[in-house]
Amino acid sequence: MAKGLQQIASKGRRCDVILEIHDARVPLSGRNPRLSHLLAGKPRILVLNKVDLADETCTREFVDALRCQGKHHVFAVNSKVDHDICIKNEILPCMVDLTGGVVPQTGIKIMILGTPNIGKSSFINAMRRCYLKKSKAAPVGALAGVTRSVQTKITVSKNPLVYLLDTPGILEPKIDNAEVGMKLAITGMLRDYLVGLDLIADYLLYSLNKHRKFDYVTQFDMDEPSDDIDVVLRLVAKRIGALMRGGRVDYLRAAEHLIVKYRAGKLGRMTLDSVSDLNYDHI
């Protein structure tokens, strides 16, 4: 991690603007505190990505609260669609404004920062689709840690000339708060094997019930919500045929199916952080 931060700091000093991306479901838990101090003084844009998976009301509350705290350049986007309004109409003009309205002859250089699997590469590709009508230039994957190192600059616009620099996801070397760790796990920002599918599924069920997201009840033919993960996984296994020899339930396969469903947005839109926990240490 230290090497990655040094590499980012070195190349970031030659960039004009820092663009920090967060997962809209965990805009607080998913942020590395060191990022707020990295390259301090550089103009900065905050992007809440994956808004299609987050609670719409909570996203608006976070954007409004961040702007009230002085972070005026905050945008909520869905990088998976071709015509996101913020990407198409607002973010590029903001980049130009933050350089004083003057585009250098060598172009505007933007460094993207964020934690693993929050859609940095998807955001770059969305910008390219919007302004260059070209296919993806940055690798995209469902697993945390697809981008391994600071890449060379990627052109996302020719008029004005703008380059983006993708960086590897940077997390704290140790997550002391267990609840924060579980939030990162169910959103896919930690690799599943580090936590375990059974624990991730259990915390996911707890979160769905806490936020009253009961789509799983109808999807898995349940009579009512349940806080017993074994009960839920048995029903999931029955629905998808996750049975082993002798008719025994394959709990890990059922847990994985439940987790994948949530991450794909099939169990309802849910924001795991609360705007009431927002303070200046987070921004």
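Let me begin with isoleucine 18, whose bridge partner in strand β4 is methionine 111. Please keep in mind throughout that what we are looking at is a predicted model. That pairing belongs to a wider contact, since strand β1, covering residues 17-23, and β4 run parallel and are joined by four bridges. On β4 there is a second neighbour to consider, for four bridges also join β4 to strand β6, residues 161-165, and these two strands run parallel as well. Within that second contact, isoleucine 108 stands opposite valine 162 in β6.

How many of the six residues of β4 are buried? The strand, which spans residues 108-113, is mostly covered, with five of the six counted as buried. For those of you new to sheets, it may help to remember that in a regular strand the side chains alternate between the two faces of the sheet.

Let me stay with β1 for a moment, but turn to charges. Side chains of opposite charge can pair when their charged atoms come close. A search of the whole structure finds eight salt bridges, and I will go through three of them. In one, arginine 44 pairs with glutamate 20, and the closest N and O atoms are 2.9 Å apart. This pair links distant parts of the chain, because arginine 44 sits in strand β2, residues 44-49, while glutamate 20 sits in β1, 24 residues apart.

Are these two partners buried or exposed? Glutamate 20 has a relative accessible area of 0% and is therefore buried, and arginine 44, at 16%, also counts as buried because the cut-off for that word is under 20%. The two residues are also part of a network of salt bridges in which Glu20, Arg31 and Arg44 are linked.

Another salt bridge joins aspartate 55 to lysine 213, with 3.6 Å between the closest N and O atoms. Here aspartate 55 lies in the loop between β2 and α2, and lysine 213 in the loop between α7 and α8, so that distant parts of the chain, 158 residues apart, are linked.

The third one I want to show is formed by arginine 263 and aspartate 192, whose closest N and O atoms are 2.8 Å apart. Arginine 263 belongs to helix α10, residues 251-263, and aspartate 192 to helix α6, residues 192-195, with their positions 71 residues apart in the chain. Arginine 263 is partly exposed, with a relative accessible area of 23%, and aspartate 192, at 23% as well, is likewise counted as partly exposed.

Now to the aromatic residues, where the structure holds one aromatic pair. The rings of tyrosine 203 and tyrosine 206 have centres 5.5 Å apart and planes at 45°, so the pair is tilted. Both lie in helix α7, three residues apart, which means that about one helical turn separates them. Tyrosine 203 counts as buried at 13% relative accessibility, whereas tyrosine 206, at 43%, is partly exposed.

These two tyrosines also lead us to an enclosed space. The count comes to two cavities of 30 Å³ or more, and the second largest has a volume of about 40 Å³. Which residues line that second largest cavity? Tyr203 and Tyr206 are among them, together with Glu179, Lys183, Ser207, Lys210, His211 and Leu272. Helices α5 and α7 each supply at least two residues of this lining, and α7 gives the most, with four. By character, the lining divides into three nonpolar, two polar and three charged residues.

Definitions and conventions: Residues are numbered from 1 along each chain as its sequence is written. This is a predicted model: local features need pLDDT of at least 70, side-chain atom pairs count only at pLDDT 80 or more; totals for chains, interfaces and linings use all residues. Side-chain values use heavy atoms; hydrogens and water are left out. On a 1 Å grid over the protein atoms alone, a cavity is a set of points where a 1.4 Å probe fits but cannot get out, and a pocket is an open set with protein on both sides within 12 Å along at least five of seven lines; lining residues have an atom within 4 Å of a point. Grid points are joined across faces, edges and corners, and a volume is the space filled by probe spheres set on the points. Ala, Val, Leu, Ile, Met, Phe, Trp, Tyr, Cys and Pro count as nonpolar, Asp, Glu, Lys and Arg as charged, and the others, Gly among them, as polar. Buried means under 20% relative accessible area, exposed over 50%, partly exposed in between (1.4 Å probe, protein chains only). Two strands pair if DSSP finds at least two bridges between them. A salt bridge is a side-chain nitrogen of Lys or Arg within 4 Å of a carboxyl oxygen of Asp or Glu. Rings of Phe, Tyr and Trp (its six-membered ring) pair if their centres lie within 6.5 Å; planes under 30 degrees apart count as stacked, over 60 as edge-to-face and the rest as tilted.
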